[in-house]
Amino acid sequence: MSPRSRAHSNSDADVDPEGDLAGLVIAGGYSTRFGDEDKAVADLAGTPMIRRVVDRLAAVTDAVVVNCREDQRDAITAALEGCAPAIEFALDPVEDRGPVAGIGTGLEAVGETYGREFAAVVACDMPFVDPDLLELLLERAHDGAADGAVVQLEDGWYQTTQAVYRTDPMARACAETLESDDRRIVAALERVDYVTVDERVLEEAGIDDATFESVDTKEALEAAAERLE
Ligand SMILES: Nc1nc2c(ncn2[C@@H]2O[C@H](COP(=O)(O)OP(=O)(O)OP(=O)(O)O)[C@@H](O)[C@H]2O)c(=O)[nH]1
Ligand SMILES: [Mg+2]
């Protein structure tokens, strides 16, 4: 399906008045650019990266699913100890099938565990995610009666790993995409009815680009830590 782009929202409604949003953190990758360690639990200025993501999700939801591999579970549990939202794990049944598999597995758990209609999906290596963006995306998905709301950058790139999806249709879309031997998140996106938000809207809403910064390497971690200190 083609995207429906809306530059402005006329809605004055409170965001998520029914509490229908869960968080989904995708963390099942192998962090190969990062080196031996798992970037999900890497220390960024005193706080594990995944905890920073969950702490930011706590501003918009009380229910979070973490998608990862079995062997990551203990370290991530320790990293998230005492954090505010409820945490459920959704372990990859087959590892290394890419983020589409992670999003699909995680969304199934969001539906089964929390029964929430929407999920704010955020990659574990995006510690600067802005909760205001997630609220804006949820609002756009609601306003457009859409199955997803995704930021599209000027060069056409979709920010699919920091986006809001309707739980059941996007879970199905991910499963179908994998079945068709496609691993692109955008291929899953194309199977649902989504709206796009362009960068101009983010500027108007005072949402900084830093929200999309992803910390893939040790150098990026050091640079981010320096800015935080
Ligand atoms: N469940 C699952 N998640 C994945 C997989 N590959 C990547 N991801 C997640 O998708 C997000 C974005 O992926 P990348 O930034 O490429 O992370 P990565 O693959 O761990 O790192 P690199 O090996 O350096 O590419 C991260 O949050 C990853 O944890 C996978 O095979 N399964
Ligand atoms: Mg990767």
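Which residues does Ile-26 touch, not counting residues up to four places away in sequence? The first legend answers this question, and the legends that follow treat other parts of this predicted model.

**Figure 1. Surroundings of Ile-26 in strand β2.** Strand β2 comprises residues 21–26, and Ile-26 is found within this strand. When residues up to four places away in sequence are not counted, Ile-26 touches Asn-67, Pro-99, Gly-102, Ile-103, Gly-106, Val-121, Ala-123, Cys-124 and Thr-161. Ile-26 is classed as buried because 27 other C-beta atoms lie within 10 Å, where 20 or more are required for that class. Ala-40 is 14 residues from Ile-26 along the chain, and the C-alpha atoms of the two residues are separated by 9.2 Å.

**Figure 2. The shell around ligand 1.** Ligand 1 is surrounded by 23 residues, of which Gly-28, Gly-29, Thr-32, Arg-33 and Gly-102 are the closest. By residue class, the shell consists of nine polar, eight nonpolar and six charged residues. Helix α3, spanning residues 99–114, supplies three residues, the largest share of the shell.

**Figure 3. Positions annotated as "binding site" in UniProt.** The unreviewed UniProt entry assigns this feature to Ile-26, Ala-27, Gly-28, Lys-39, Asn-67, Asp-92 and Asp-125. Among these annotated positions are Ile-26 and Asn-67; Ile-26 touches Asn-67 in the model. Lys-39 and Asp-125 are also included in the annotation, and Asp-125 is in contact with Lys-39.

**Figure 4. Asp-125 in the loop between β7 and α4.** Strand β7 covers residues 118–123 and helix α4 covers residues 131–143, with Asp-125 in the loop between them. Asp-125 counts as buried because it has 26 C-beta neighbours inside 10 Å. Apart from its neighbours within four places in sequence, Asp-125 is in contact with Lys-39, Met-49, Ser-214, Val-215 and Asp-216.

**Figure 5. Asp-96 and its positive phi.** Most residues other than glycine have a negative phi. Asp-96, although not a glycine, has a positive phi of about 65°. The residue is placed in the loop between β6 (86–91) and α3. Asp-96 is exposed because 10 other C-beta atoms lie within 10 Å, and 12 or fewer place a residue in that class.

**Figure 6. Asp-181 in the loop between α5 and α6.** Helix α5 spans residues 167–179 and helix α6 spans residues 185–189; Asp-181 lies in the loop that separates them. Phi of Asp-181 is positive, near 65°, in a residue other than glycine. With 6 other C-beta atoms within 10 Å, Asp-181 is therefore exposed.

Key:
Residues are numbered from 1 along each chain as its sequence is written. Chains are lettered from A and ligands numbered from 1 in the order in which they are written. This is a predicted model: local features need pLDDT of at least 70, side-chain atom pairs count only at pLDDT 80 or more; totals for chains, interfaces and linings use all residues. A residue is near a molecule or strand if its C-beta atom, placed from the backbone, lies within 6 Å of it. Helices (H or I, at least four residues) and strands (E, at least two) are DSSP runs, numbered from the N terminus. Ala, Val, Leu, Ile, Met, Phe, Trp, Tyr, Cys and Pro count as nonpolar, Asp, Glu, Lys and Arg as charged, and the others, Gly among them, as polar. UniProt positions are given in the numbering used here, feature names are shortened, and annotations may be inferred rather than shown by experiment. Two residues are in contact if their C-beta atoms, placed from the backbone, lie within 7 Å.
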